[in-house]
Amino acid sequence: MKSPVRVAVTGAAGQIGYALLFRIAAGDMLGADQPVILHLLEITPALPALQGVVMELNDCAFPTLAGVVATDDVNVAFKDVDYALLVGARPRGPGMERKDLLEANGAIFAPQGKALSDHAKRDVKVLVVGNPANTNALIAQQNAPSLDPKCFTAMVRLDHNRALSQLAEKTGAHTTDIKKVTIWGNHSSTQYPDIHHTTVKGKAATDLIDQAWYADTFIPVVQQRGAAIIKARGASSAASAASAAVDHMRSWALGTAEGDWVSMGIPSDGSYGIAPGVIYGYPVATKGGKYEIVQGLEINAFSRERMAATEKELREERAAVEHLFAK
Ligand code: NAX
């Protein structure tokens, strides 16, 4: 067994938290030889419920769970953490405008960014799940002056996995037969699921499906999958979101397979014409705990238009929260 690492999870008593903590504690995220100390953050009224979750975690007697810290103090939650999964966020209430939602989340993610900057390990890997995930990640990043901006990422992996699942169903393949899917841009209905470079059992996906299915069924189904789950289940995606968070962190920490990539929301750097300043979904390959954007992919006019539309939405979100950035 390696020596334990510290993993912070915010919103730990919520529904994603309940599906996520047991997977992390069981070793699914960082491996069966990597013990973890969980740092669980909740708002004060949720602490009794969180205590119940801690009791259940202990009752699992996981070999890889080396300790649990449960707190409502962000400075305690992020002390010396190696990984931080920021799940807790303010949901949209009745009559709430998007501007109000961004503002309410700013009040959560600005102090969390500062606390990470003050207390976390210098190479902390931060994943923002709480919506609007890309812009919440940007707010946290912009309030963390002493951390590398590349420490901050947002989750588009659920969208990536949804794309794999839809394409597998359509082509009669298994998700593991599918390589090189990309989710570009925002985790929202403007996201662009791109299969122009995708292979299914080594064959080009675009040769296996027709353009009409791709444009009129696949893309909207992936974009609207969250809403379809709410309609069916009466609650938003939780287990699949938790599973995607585990996948995102595992890929980042342990590396992607040779000849494949994953989608991560990461700071834009000018690649593919997306100027710096937003957290944008890109195809990335990872090695040794670092991610790199996959370069050199051909982008046609169909893709370019959709990549620009999701970028535009992210720039509008950025403009609405810029006053929350640390000077
Ligand atoms: P829940 O409402 O069940 O849980 C959220 C928890 O966060 C609550 O227990 C709440 O007390 C806690 N919380 C609120 N403010 C906090 C703060 N300042 N510090 C610590 N904890 C705080 O929501 P859940 O279904 O778990 O979803 C969590 C977030 O994930 C939501 O913002 C949701 O929109 C987002 N999602 C993001 C997805 C993605 O792909 N990026 C997909 C799934 C999900 O919709």
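**Exercise 1. A small sheet**

In strand S11, which residue is the bridge partner of threonine 199? Place this pair in its sheet.

*Solution.* Step 1: the bridge partner of threonine 199 in S11 is alanine 204. The structure examined here is a predicted model.

Step 2: strand S10, residues 199-200, pairs with S11 over 2 bridges in the antiparallel sense.

Step 3: the two strands belong to an open sheet of 3 strands, ordered S7-S10-S11 with antiparallel pairing. Strand S7 (178-179) and strand S11 (203-204) stand at the edges; each has a single partner strand, so one side of each is left without a neighbour in the sheet.

**Exercise 2. The hairpin of S13 and S14**

How many residues lie between S13 and S14 in their hairpin? Describe the pairing and the two faces of S14.

*Solution.* Step 1: the hairpin has 2 residues between S13 and S14. In the turn, glycine 288 has a positive phi of about 55 degrees.

Step 2: strand S13 (residues 279-287) and S14 run antiparallel and are joined by 4 bridges. Lysine 287 stands opposite lysine 290 in S14.

Step 3: in a regular strand, side chains alternate between the two faces of the sheet. Strand S14 (residues 290-293) has Tyr291 and Ile293 on a covered face, while Lys290 and Glu292 are on an uncovered one.

**Exercise 3. The parallel pair S4 and S5**

Do S4 and S5 run parallel or antiparallel? Determine also how the side chains of S5 are placed.

*Solution.* Step 1: strand S4 (residues 83-86) runs parallel to S5, and 4 bridges join them. Leucine 85 has leucine 127 in S5 as its bridge partner.

Step 2: from strand S5 (residues 125-128), Lys125 and Leu127 point one way, and Val126 and Val128 point the other way. All of these residues are buried.

**Exercise 4. Unusual backbone geometry**

Which peptide bond is cis, with omega near -5 degrees? Examine then two residues that have a positive phi.

*Solution.* Step 1: most residues other than glycine have a negative phi, and most peptide bonds are trans.

Step 2: the peptide bond from asparagine 131 to proline 132 is cis, with omega near -5 degrees. Proline 132 is found in the loop between S5 and H5.

Step 3: aspartate 80 is not a glycine, yet it has a positive phi of about 60 degrees. Aspartate 80 lies in the loop between helix H3 (74-77) and S4. Its relative accessibility is 34%, so aspartate 80 counts as partly exposed.

Step 4: tyrosine 272, also not a glycine, has a positive phi of about 55 degrees. The loop between strand S12 (262-267) and S13 holds tyrosine 272. With a relative accessible area of 10%, tyrosine 272 is buried.

**Exercise 5. The surroundings of the ligand**

How many residues surround the ligand? Identify polar atoms placed by its oxygen atoms, and state how much of the ligand is covered.

*Solution.* Step 1: the ligand is surrounded by 22 residues, of which the closest are Gln15, Ile16, Glu42, Val129 and Asn131.

Step 2: asparagine 131 has a polar side-chain atom 2.9 Å from an oxygen atom of the ligand. For histidine 187, a polar side-chain atom lies 3.2 Å from an oxygen atom of the ligand. From glycine 14, a polar backbone atom is 3.4 Å from a ligand oxygen atom.

Step 3: on its own the ligand has 880 Å² of accessible area, and the protein covers 79% of this. Helix H1 (15-25) and helix H4 (98-119) are the elements that give two or more residues to the shell around the ligand.

**Exercise 6. Two buried polar residues**

Why does histidine 39 count as buried? Find its polar partner, and then treat asparagine 136 in a similar manner.

*Solution.* Step 1: the cut-off for a buried residue is under 20% relative accessible area. Histidine 39 has 4% relative accessibility and therefore counts as buried.

Step 2: histidine 39 is placed in strand S2 (residues 36-41). Its side chain and that of arginine 6 are joined by a polar contact of 3.0 Å.

Step 3: asparagine 136 is in helix H5 (residues 133-142). Because its relative accessibility is 0%, asparagine 136 counts as buried. Its C-alpha atom is separated by 31 Å from that of threonine 176, which is 40 residues apart from it along the chain.

Definitions and conventions. Residues are numbered from 1 along each chain as its sequence is written. This is a predicted model: local features need pLDDT of at least 70, side-chain atom pairs count only at pLDDT 80 or more; totals for chains, interfaces and linings use all residues. Side-chain values use heavy atoms; hydrogens and water are left out. Buried means under 20% relative accessible area, exposed over 50%, partly exposed in between (1.4 Å probe, protein chains only). Two strands pair if DSSP finds at least two bridges between them. A residue is near a molecule or strand if one of its heavy atoms lies within 4 Å of it. A polar contact is a pair of N or O atoms within 3.5 Å; within protein, one must be able to donate a hydrogen and the other to accept it, and residues adjacent in sequence count only if both atoms are side-chain atoms. Accessible areas come from the Shrake-Rupley method with a 1.4 Å probe; for residues, only the protein chains shown count as cover.
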